[in-house]
Amino acid sequence: MASTTPAPAVATARDAELFLSVEDLKVHFPTEDGLVKSVDGLSFELRRGEILGIVGESGSGKSVTAQAILGLHKGSRARISGHIWLDGRDLVPLSDEEMRGVRGSEIAMIFQDPLSSLHPFYTIGDQIAEAYRVHNKVSAREARARTIEMLEKVGIPNAPGRVDDYPHQFSGGMRQRAMIAMALICQPKLLIADEPTTALDVTVQAQILELIKDLRDELNSAVILITHDLGVVAETCDHVVVMYGGQCVEKGSVDDVFELPEMPYTWGLLGSMPRMDRVRQERLTPIPGQPPSLINVPTGCVFNTRCRFSDHVEGRRCFTEHPQLLPTAPGHEVRCHIEPEERRRLFELEIKPKL
Amino acid sequence: MIRFILVRFAGMILVVFIVSVLTFGIFQLAPLLSHTSPVYYYTGKVPYPPGSPQLQALIHRFGFDQPIPVQYWQFLTGIFGKTITDGTSAPVQCPFPCFGYSFRQNDLVSTLIGNAWPVTLSLCIGAAILWLVGGVLVGTFSGLKPGSFVDRAGMTGALAAVSLPIFFTGPVLLLLFVYTLGWLPGTGYVPLTTDPLGWFESMLLPWVSLAFIFAALYARLTRSNMIETMGEDYIRTARAKGLDRRTIVVKHGLRAALTPIVTIFGIDFGTLIGSTVITESVFNLRGLGYLSIQSVRQQDLPVILGVTIVAAVALVIANFIVDVLYAVIDPRVTV
């Protein structure tokens with residue numbers, strides 16, 4: 001599998017870096033109330049064999065980004081600009097019909113709720129085989145054999161017997177496994193998992209994440225894991241993009257971002273996450289306030305209304321000037337007006353002890 | 001599945017039984033309330049005054065002097081065939097299904113219904129095909145692009161069609177296509193078996209005018225179902241697989257959007273069998289609707305009873321088919 005692409009360790013930096021490169025992606029929806037800037041200038045890169053986590057609250061633009069990469073907004077009223085380079089080809093200017101050939105075969109997606117994402121009237125096997133046959137000229141028999149093979153691979157017990165079951169006859173975890181089988185049947189080079197474990201119970205979550213990691217290793221695919229669960233990111237991902245209000249506010253390797261986060265929003269996310277490996281605090285610390293309106297994005301920093309640290313910046317720059325996403329360490333970028341030294345000091349003094 | 005069908009079948013028989021009891025009850029109640037003998041409603045004009053021995057003899061002959069349950073039992077067993085005689089003319093053999101004899105129209109009720117039902121069935125089936133195809137097509141295209149020109153045009157048309165009653169559209173169509181343009185022959189039913197083309201020409205305008213209202217309802221229904229379905233997660237999955245638009249809309253969208261319509265269609269069609277009076281009157285079709293309105297006007301109780309039971313059986317059969325079909329269409333329905 002993936003025999004044409006070398007393993008990431010030996011891949012030349014340039015080729016690998018170009019595998020998926022999102023540059024200044026903007027997804028805006030014109031509505032009667034105004035222009036909704038769901039994603040506003042997002043950039044990130046992804047190499048094969050890597051897992052990128054995109055985290056953020058509901059409405060931060062995570063899913064919209066994923067659907068934009070898959071071209072699911074084509075044919076709607078969404079306005080998309082920027083570039084999505086996949087293996088050297090820009091997906092943004094492609095037509096819906098051109099994008100159709102990419103969907104499922106080069107990029108596949110797993111969705112949050114496997115029950116509603118599967119058609120209730122068709123069998124699991126039919127739905128998976130359909131995904132295979134749309135991109136491969138094979139007989140129904142071959143597609144069925146391949147479907148059973150995939151179901152076995154994702155760990156469905158007695159796959160030949162369960163292939164003709166309907167979605168409602170599967171358990172939640174099995175449905176998500178079936179969704180993964182459907183997504184991987186054409187051996188996509190990029191897998192986007194949009195909150196793949198949110199609708200599942202905790203014991204099944206770990207199994208599904210393990211499965212995604214195993215299949216990543218086997219196919220050497222790149223994976224984008226969208227989640228609001230930082231625990232999932234810490235456990236699974238290599239890199240992480242923290243999104244807020246349609247923008248990336250911090251990105252870097254998982255080690256950097258979890259060990260030395262510098263953006264107050266990331267601090268907030270970490271503070272609101274239950275941890276088993278530390279002494280239990282009295283309470284989790286929620287981030288006060290609500291995510292910003294994506295129609296009237298505040299001037300200055302998107303996070304300014306909820307940030308406790310804006311008085312650490314001279315004047316009122318947090319409310320007047322939009323901060324740039326600037327590197328603070330190699331491969332670690334932060335969008336914040338607070339000086340890097342001050343950020344690190346604040347983290348060590350005020351945030352870290354409470355995590 | 002077989003168990004399910006048997007249970008539904010038993011339910012079906014029960015409903016028909018209840019309908020027959022109710023109609024038979026009304027049959028008994030009507031003379032009681034108007035303080036006359038049922039024999040007047042049964043035989044038409046009776047020259048004997050109330051209380052006369054001749055009338056008593058007639059009442060006795062038709063069994064109206066017996067207890068009502070016994071009368072009902074005789075009616076029920078009579079359905080499987082009996083001999084009817086009024087004592088003066090030659091006795092009439094009444095084979096299954098026997099709903100008695102209409103002394104007003106001088107014919108067996110089953111013969112009257114037998115002559116009428118092909119007309120009504122032709123009308124209903126033709127109209128049903130028209131409204132299903134038309135309504136679903138308009139509804140699908142409207143629902144795929146809500147707010148578009150196609151949607152607005154389709155829904156405006158549907159609103160107009162819903163607002164226009166058959167006794168308006170029917171005569172207008174007749175005036176236009178028969179009396180002005182002369183494209184179609186006049187009213188009246190031509191049997192399919194004798195002249196298929198003539199049958200088609202005679203039924204075309206009734207089909208269109210009857211289908212009009214239903215097509216409008218079905219277009220609106222399909223539209224809202226389609227809008228809802230196309231927003232479902234599994235449609236997004238279908239797109240994410242890279243399926244073409246046609247497969248997404250037809251195989252994934254319509255399949256789900258039309259399932260509830262099957263139920264409604266079954267009930268509508270079953271109901272329609274007994275309620276095509278206006279269309280039949282406008283186009284001079286001697287169908288079940290015409291027969292029932294005529295017998296109501298003439299107070300011809302045996303015919304009313306027969307038509308009611310036939311209409312009830314049609315509705316119950318339609319429902320039964322829908323139930324079975326639904327279990328086939330929707331795998332989540334456990335049978």
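**A cavity and an interface, questioned**

Biologist: Which element gives the most to the lining of the largest cavity?

Modeller: It is α8(A), with three residues, where a helix is a DSSP run (H or I, at least four residues; strands are E, at least two), numbered from the N terminus. This is a predicted model, in which local features need pLDDT of at least 70 and side-chain atom pairs pLDDT 80 or more, while totals for chains, interfaces and linings use all residues. Residues are numbered from 1 along each chain as its sequence is written, chains are lettered from A and ligands numbered from 1 in the order written, and side-chain values use heavy atoms, without hydrogens or water.

Biologist: What makes a space count as a cavity, and how many are found?

Modeller: On a 1 Å grid over the protein atoms alone, a cavity is a set of points where a 1.4 Å probe fits but cannot get out, and lining residues have an atom within 4 Å of a point. The search of the whole structure gives five cavities of 30 Å³ or more, and the largest holds about 110 Å³, a volume being the space filled by probe spheres set on points joined across faces, edges and corners. Its lining has 13 residues, of which Met109(A), Met182(A), Ala183(A), Ala240(B) and Lys241(B) are closest to the centre. Two or more lining residues come from each of β6 (107-110) and α8 (172-184) of chain A and α9 (233-240) of chain B.

Biologist: How do you know how much chain B buries against chain A?

Modeller: Buried area is the accessible area (1.4 Å probe) that two parts lose on being put together, summed over both, and here that comes to about 2300 Å², 58% of it from carbon and sulfur atoms. Arg236(B), Arg239(B) and Lys241(B) supply 29% of what chain B buries, more than any other three residues.

Biologist: Why is the pair Lys241(B) and Glu130(A) called a salt bridge?

Modeller: The term asks for a side-chain nitrogen of Lys or Arg within 4 Å of a carboxyl oxygen of Asp or Glu; Lys241(B) and Glu130(A) meet at 2.7 Å, N to O, and therefore qualify. Between chain B and chain A there are three salt bridges.

Biologist: What makes Glu57(A) and Arg306(A) a tie between separate parts of chain A?

Modeller: Their closest N and O atoms are 3.1 Å apart, in a salt bridge. Glu57(A) lies in the loop between β3 (51-55) and α2 (62-69), and Arg306(A) in the loop between α12 (264-271) and α13 (317-320), so the pair joins parts 249 residues apart in sequence.

How values were computed: On a 1 Å grid over the protein atoms alone, a cavity is a set of points where a 1.4 Å probe fits but cannot get out, and a pocket is an open set with protein on both sides within 12 Å along at least five of seven lines; lining residues have an atom within 4 Å of a point.
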